[in-house]
Amino acid sequence: RQAKYYTDACIYLDLVIEDRKPSVICEDIFKNSPQNITERVYERIITDELMGQVFARAYVLPDSDLDSFAQELDSYYHPEIVSSSTVERRTRNIVLWCKRIINYMNLKHN
């Protein structure tokens with residue numbers, strides 16, 4: 001189940017294609033900046049339209065209700081997901097990833 005989660009996340013971020021092979025973006029990351037893989041993957045995450053908005057809110061307004069904000073956005077971008085538990089689980093992971101990236105940035109640049 002965990003492998004499927006990460007594979008689906010990589011497909012969503014265009015890092016792999018449907019047959020689980022590296023995408024052009026992924027190949028570029030490994031070929032041109034292998035020393036910066038973490039940063040390049042994080043960059044891909046925060047440039048995603050949905051996740052980028054959650055990231056910006058988490059960075060600028062860290063004490064706001066990020067979970068509710070992420071759920072509203074997810075419902076807007078993915079109205080086909082009707083299960084509230086799926087939306088909550090998905091958006092909780094989005095918020096956690098954004099906080100992880102912010103923590104990484106703070107540690108790296110302080």
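In this predicted model, Asp67 and Arg92 pair up through their side chains in a salt bridge, with 2.7 Å from N to O. Asp67 sits in helix 5 (residues 66-77) and Arg92 in helix 6, so this contact ties together parts of the chain that are 25 residues apart in sequence. Neither end is tucked away completely: Asp67 comes out as partly exposed at 26% relative accessibility, and Arg92 is likewise partly exposed, at 32%.

The Asp67 and Arg92 pair isn't alone, as the structure holds six salt bridges. Another one of them joins Lys108 to Glu39, where the closest N and O atoms are 2.7 Å apart. Here Lys108 belongs to helix 6 (residues 84-109) and Glu39 to helix 3, so the bridge ties together stretches that are 69 residues apart in sequence. Lys108 has a relative accessibility of 46%, which puts it in the partly exposed class; Glu39, at 23%, lands there too.

Helix 3 turns up again in the salt bridge between Arg40 and Asp28, whose closest N and O atoms are 2.7 Å apart. This pair links distant parts of the chain, with Arg40 in helix 3 (residues 37-46), Asp28 in helix 2 (residues 24-32), and their positions 12 residues apart. As for solvent, Arg40 is partly exposed with a relative accessible area of 23%, and Asp28 is partly exposed as well, with 28%.

Key: Residues numbered from 1 in each chain as written. Predicted model: local features only at pLDDT ≥ 70, side-chain atom pairs only at ≥ 80, totals over all residues. Heavy atoms only, no water. Salt bridge = Lys/Arg side-chain N within 4 Å of Asp/Glu carboxyl O. Helix = DSSP H or I, 4+ residues; strand = E, 2+ residues; numbered from the N terminus. Buried < 20%, exposed > 50% of the residue type's maximum accessible area, 1.4 Å probe, protein only.
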